[in-house]
Amino acid sequence: MLAYTLKRLLAGIITVWFIATATFMAMHMVPGDPLMNDKAVTAEIRKNLEIKYGLDKPVTEQYFIFMGNMLRGDFGISFTQQNRRVNDIIRDHFPVSATLGLLAIFFAATGGIIWGALTALYRNRLPDIIIMFLVILGISVPSFVFAALGQLLLVNINGLLGFSLIPVAGWGTFSHMLMPSLVLGLGTMALLTRLMRSSMLEVVNEDYIKTAKAKGLSPLRIFFKHQLRNAILPVITILGPSIAAITTGGFVVELVFAIPGLGRYFVQAVQQLDYTVIMGTTVFFGAFLVLMVILVDIIYGFVDPRVRLQ
Amino acid sequence: MSDSFVPDFTPASHGQSLEHLSRPSLSYWQDAWIRLRQNTRAIISLYIVVGLALFTLAGPLLWQVDPALQDLNQISQAPSLPKRALLADPYERWQPIILDDFPSEPETDMDLTLLTAPTGVDTLGEPTTQQIRLRWNPVVGAGGYSIYRNQHVPEGLNDLGLPLATTLGGNEISYEDRLNLEQREYYYSIVPTDGFDEANSYSTIKVVPTIAITREEAIHRGLIEADSDIQIGESLSLRFHPFGTDYLGRDMLARLMQGARVSLFIGICAPFLFVLFGILYGGFAGFFGGQLDSLLMRFADFVVALPFLLFMILFKIAFGIGPGESGVLPMLIALILLGWPATARLVRGQVLQIRNNGYIDAARLLGAKNSYLIIRHILPNTMGVILVTLTFAVPGAIFTEAFLSFIGMGVAPPTPSWGSMCNEGVKTMLSHPHELIFPALFISVTVLAFNLLGDGLTEALDSRMRSR
Amino acid sequence: MKNCLAMLLLLSFSGPIWAQNKATSVNFETQTITIALTQEPPQLNGMKATDQVSILILSHVMEGLTRYDRRGNIVPGVAERWEINDKDATFWLREDALWSDGEPVTAHDFVFAWRNALKPETASEYAFILYPLLNGEAINKGEMDAARLGVEAIDDRTLHIRFERPTGYFDKLTAFVTYFPARQNFFESRDQRFGADATDLLYNGPFQISQWVHSASLRMTKNPYYWDRSNITLNAINADYITADTRSRLNLFIDGKIVSTELDGETYKDALTQRFRIRRFTTGTVFFLEYNHRDNRITRNLNLRRAIQHVFDPDEMVNKVLATPGNLPGKSLFPVWLKGKHDKFRQEYRAPEAPLDLNQARQYLAQAKAELGLATLPPLVLLVGDSPTAAKQAEYLQGKLKATLGLDIKIDIQTFKQRLAKMTAGEFDIVAAGWGPDFDDVMTFGDLLTSWNLNNRGRYNNPAYDEQVRIAMNSADPAVRMDAMGKVQQIVFDDAVILPQYEQGVIYLLHPALRGVVRRVVGADPDYTYAQVIELDQKD
């Protein structure tokens with residue numbers, strides 16, 4: 001197990017290196033640069049800026065300088081927010097996105113597992129049809145619609161009650177987190193429901209389930225001891241990258257609910273071509289993703305003993 | 001194969017073959033096909049798919065309306081019966097009424113409470129959706145007038161509605177409103193000011209404009225013939241918009257039909273292709289395991305971690321899509337190149353689970369080659385997971401396409417697609433929900449079709465589901 | 001759970017007007033208000049700030065030699081009085097102008113700040129606003145040392161300035177953020193991090209920043225050292241929400257969490273149903289289409305531009321496409337609010353208007369085709385940004401030109417930096433552009449299309465235009481300057497250099513208990529400096 005983990009970590013580092021390199025190259029190939037702005041500056045000033053930020057050097061040299069800095073853990077200073085170091089940006093905002101993301105995954109996972117199991121157990125009966133209808137609605141409607149509707153719902157609830165029960169935007173307390181994480185997790189919840197359903201359907205008809213029923217085990221016991229463990233593998237497969245994706249893709253939710261997360265920086269950095277922030281966030285998320293995948297693969301082995309990874 | 005009747009317990013004789021097959025032996029795939037044909041869900045999905053195909057292909061032939069034709073007098077109309085419009089003269093610039101014999105501002109500082117509500121508020125000419133002109137009597141001591149417009153009767157100073165404008169002097173006693181006029185009730189309120197602040201009095205008038213259309217426009221839209229002798233002031237029937245119009249007055253139905261082409265093409269091709277690629281990739285990785293598996297999966301991680309927007313911009317430039325051109329094929333390629341890892345990962349997980357099953361070993365002992373194992377045993381058992389990803393890939397591709405057309409990839413305006421119509425519709429979600437509901441509905445229907453097809457296929461293909 | 005959610009979501013569709021919720025955005029006893037910002041301020045170093053949010057914050061926490069009053073007139077700030085001549089100017093600073101650490105604001109602080117802003121290493125995008133100072137431009141180009149700038153502290157409270165050319169409106173310039181003072185020893189003690197956090201700034205304005213949590217909130221409290229503190233009523237302004245989403249801010253306003261928000265074409269309808277009082281304000285920015293005048297472009301042809309000029313109806317654009325009140329149809333490079341000699345500039349120099357004449361336009365088009373030697377014109381590329389309003393306006397134009405002139409327009413949507421790159425490289429036929437005023441004088445618009453202005457992306461080059469601008473720049477006589485600008489306006493029309501579309505207006509909501517908020521075209525907008533929370537009776 002330890003050797004396996006170490007091997008995976010090494011592979012992960014190499015993957016992150018590839019990610020950084022590819023992103024660096026792509027970034028410099030795209031037209032425009034962080035120094036361009038609405039108000040044009042004179043050629044002299046631009047030259048000075050380039051020298052100050054090291055953008056006058058050839059790209060390969062910039063690459064090696066960047067790599068050197070990255071190995072020391074220094075991602076430089078943001079171009080758009082000129083007094084903030086990228087490390088500080090990540091350190092300040094990632095915990096927010098992570099909390100939001102984890103809570104969203106929690107909703108998505110519990111919801112997905114429960115609804116999915118219900119649809120499989122009550123196949124073709126009313127609960128199945130209703131839930132599947134909601135799932136389809138959930139994936140056919142874009143997430144920004146849900147964010148807007150969710151916020152509107154809160155406004156109406158507060159208006160109805162006459163005081164602010166749940167804050168409609170902002171960050172700080174647990175009640176700030178409720179609606180945004182729910183909205184954020186909806187898409188994944190729909191996916192997990194569907195996955196759970198299809199894998200449960202396969203399991204439900206297996207012989208060992210019939211045996212268990214014949215033995216007289218209660219349905220709940222059957223569910224937790226047999227069905228869940230066998231059906232949950234696809235869910236776990238998705239969960240790893242989902243955590244990473246949700247933490248990155250919280251852009252819309254962060255925008256609508258005024259949450260100071262990292263997702264906004266991620267998107268705005270590309271729009272502003274803020275080189276340092278792009279590299280910092282991409283490398284950080286790449287590492288995070290790789291870590292999650294490793295974790296998931298290890299959990300595989302625990303959940304389904306039949307899966308041997310070697 | 002004997003047809004003759006053999007009574008029970010009669011000793012059999014040699015040469016008689018008693019075991020006869022009453023119908024041909026079915027292979028796995030043939031059996032699956034039969035089950036599929038009988039499956040209700042699959043049949044429903046078939047009807048839906050046929051319906052969508054007809055909508056996309058035959059629709060434009062039956063409903064011949066130009067999806068790019070803008071009608072600024074009918075912006076964001078909800079679906080309704082065809083409206084009638086008045087033929088009107090083309091709009092001519094109008095000079096406001098400014099009195100010569102009335103001061104434009106008060107000589108001394110006026111007490112705001114002394115400014116009375118203006119009297120004699122009235123419309124000038126026939127109010128139409130082209131313009132509504134108002135006039136009123138001047139108020140002594142006023143330095144100007146603020147004009148507000150609301151859609152219900154104002155209940156007080158805070159409920160006057162939209163602040164349209166403020167006239168610049170006490171002697172400017174008219175106003176022309178052209179702001180997005182629709183055929184509905186408007187309540188205009190005039191408030192006198194002292195040049196800086198508003199008084200606490202106002203007068204309201206109710207105006208309901210009629211839809212106006214000029215002769216040129218009517219001809220341009222094919223509503224009347226060029227040599228028609230219809231007179232100014234007569235009414236004619238406007239084109240019927242069964243699904244309403246969008247934010248520039250374009251027919252929703254025509255746009256939905258045109259958008260169907262792009263969205264269905266992208267929404268079906270892209271997912272199929274990248275799911276296919278994902279299956280091959282994940283299947284290989286899971287089946288062979290070991291170093292190959294590691295390498296392939298690390299590459300999949302690499303692809304997922306790349307910043308999507310950045311690479312899309314890069315693709316756009318790399319493919320050399322000119323400005324304003326529809327880059328559908330490059331977008332397809334881009335979607336495929338960045339979309340396969342999820343499927344690959346899922347398939348790999350399933351394959352890892354399946355390959356350790358007993359029947360795989362058994363088949364191998366019987367001499368099955370790897371390709372046979374994959375095609376005959378492993379793939380059908382991963383169908384469940386594959387079909388789920390396919391179902392989710394469809395709306396994902398449609399919305400990614402909408403997002404990409406935002407940054408200039410994908411279809412160029414004015415060509416619509418369902419996803420971009422959703423994007424536009426979200427902005428007017430609360431006031432004109434039809435702009436969002438219709439494209440979202442079509443996307444939902446498409447997704448439903450795939451979902452049902454997926455369910456039907458699962459029931460037909462998956463051996464574990466068959467034994468019911 | 002999901003079913004209940006669906007039910008509640010359906011309920012929310014019914015557009016309810018439930019009871020107003022108890023607002024926490026204003027507090028009468030503590031005189032505190034809560035606002036929202038559209039983005040995290042990127043730069044609180046006044047020498048480098050360029051965006052609206054930074055300017056808003058800086059104008060509340062710092063002060064220059066002069067400031068604006070409620071009606072938009074220049075009144076004394078740090079300077080008590082001043083004298084401006086053709087060649088030089090003198091400002092006398094007041095005694096009680098203090099920094100937030102108790103030290104007095106001296107003339108040396110201004111000298112240091114202005115020199116620093118002009119240094120090429122600082123790379124300030126607004127350095128050009130300091131060019132009226134003697135040697136300002138040369139220093140900014142690196143040709144001279146900053147010590148030779150035409151500004152000198154005669155003593156702690158007297159500032160003497162020498163001009164490059166007569167600048168009668170200099171007192172208006174000194175209210176702008178780039179002219180704000182900075183104390184040298186504090187600046188240097190911060191070692192490159194000046195303006196990075198709340199503790200990295202000294203404040204001499206009505207407020208000071210008490211807390212700054214990046215991307216989350218920014219709180220300002222009344223500055224006890226401000227010389228005019230007896231006239232400041234508010235004790236705290238808390239920017240507790242940072243989001244660019246207009247609907248989100250409207251929801252915050254409805255929920256009683258912020259005092260003000262702007263409405264756009266869609267959210268105003270919700271505001272109407274909620275029965276809020278909507279206010280209107282013209283922001284002063286002019287939006288226009290800029291043609292590419294480079295040699296290889298079709299848009300270089302005057303008749304083509306004239307043809308478009310005679311079919312484009314800015315009234316229709318403002319009323320049907322933008323569809324929010326407050327926007328004015330664009331008629332000229334110069335907006336309506338600019339002051340002229342005695343009255344408004346546009347009243348003294350009427351903007352020429354092209355009649356909407358389809359036949360005339362078609363004739364111009366035919367002439368253009370003949371001159372270019374083309375039977376049909378190739379599609380024109382219209383470069384726009386990726387904002388949703390930009391796409392809508394572009395589509396409108398596309399439909400219009402196709403329907404009237406049969407011209408094909410290809411819409412080129414580009415994200416921010418790519419669009420800038422294309423604009424600089426000249427890869428467009430028409431680009432959608434806008435220009436906001438930096439200071440309250442005609443010159444801020446007048447020199448936009450000169451051949452030396454880098455912001456003249458279309459590379460329009462007309463010696464007659466340049467000459468008029470030079471005349472205006474080198475004279476202090478208002479009559480001469482305004483006449484020159486009037487001629488500039490005429491040239492812009494005759495040559496159809498740009499196609500004015502609209503002058504931007506906004507509609508917004510303001511909490512009824514908050515009075516004294518000033519909206520400005522130039523400077524801090526909205527300005528809460530002299531605002532106060534009043535007590536409302538229970539009927540809201």
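**Exercise 1. Describe the overall build of chain C: how many helices and strands does chain C have, and how does its radius of gyration relate to the globule rule?**

Step 1. Chain C has 17 helices and 20 strands; both are DSSP runs numbered from the N terminus, with helices being H or I of at least four residues and strands being E of at least two. A word on the ground rules: this is a predicted model, in which local features need pLDDT of at least 70, side-chain atom pairs count only at pLDDT 80 or more, and totals for chains, interfaces and linings use all residues. Residues are numbered from 1 along each chain as its sequence is written, while chains are lettered from A and ligands numbered from 1 in the order in which they are written.

Step 2. The radius of gyration of chain C is 25 Å, close to the 24 Å from the globule rule for 540 residues, so chain C is as compact as a globular protein of that length. Here the radius is taken over C-alpha atoms, and the rule is 2.2 Å times the number of residues to the power 0.38.

Step 3. The C-alpha trace of chain C spans about 75 × 75 × 40 Å along its principal axes. Buried residues make up 50% of its 540 residues. A residue is buried if 20 or more other C-beta atoms lie within 10 Å of its own, exposed if 12 or fewer, and partly exposed in between, with C-beta atoms placed from the backbone.

Step 4. Of the contacts in chain C between residues at least 6 apart in sequence, 66% join residues at least 24 apart. Two residues are in contact if their C-beta atoms, placed from the backbone, lie within 7 Å.

**Exercise 2. Now do the same for chain B: is it compact or spread out?**

Step 1. Count the elements: chain B holds 13 helices and ten strands.

Step 2. Its radius of gyration is 35 Å, well over the 23 Å that the globule rule gives for 468 residues, so chain B is more spread out than a compact globule.

Step 3. The principal axes of its C-alpha trace give a span of about 125 × 60 × 45 Å. Of the 468 residues in chain B, 45% are buried. Residues 24 or more positions apart account for 75% of the contacts in chain B with a separation of 6 or more.

**Exercise 3. Work out the open sheet of four strands in chain B: which strands stand at the edges?**

Step 1. The strand order is β5-β4-β7-β8, with antiparallel pairing; strands pair if DSSP finds at least two bridges between them.

Step 2. β5 (162–166) and β8 (203–207) of chain B each have a single partner strand, so one side of each is left without a neighbour in the sheet and these two stand at the edges.

Step 3. Look at one pair: four bridges join β4 (residues 144–150) of chain B to β5(B), and the two run antiparallel. B:Y148 stands opposite B:P163 in β5(B).

**Exercise 4. Check helix α12 of chain B: what span do its 28 residues predict?**

Step 1. At 1.5 Å a residue, α12 (residues 434–461) of chain B should span 40 Å; the expected span is 1.5 Å times one less than the number of residues.

Step 2. The end C-alpha atoms of this helix are 40 Å apart, which agrees.

Step 3. Since 23 of the 28 residues of α12(B) are buried, the helix is largely enclosed by the rest of the structure.

Step 4. For another helix, turn to B:L295 in α6 (residues 290–305) of chain B. B:L295 is exposed, because 12 other C-beta atoms lie within 10 Å.

**Exercise 5. Find the backbone features in the loops: which residues have a positive phi without being glycine?**

Step 1. A:L273 has a positive phi of about 50°. A:L273 lies in the loop between α12 (262–272) and α13 (275–303) of chain A, and counts as buried, with 27 C-beta neighbours inside 10 Å.

Step 2. C:S215 has a phi near 65°. Its loop runs between β9 (207–213) and β10 (217–222) of chain C; C:S215 counts as buried, with 24 C-beta neighbours inside 10 Å.

Step 3. Finally, a cis peptide bond joins C:D525 and C:P526, with omega about -5°. C:P526 is found in the loop between β19 (514–515) and β20 (532–533) of chain C.
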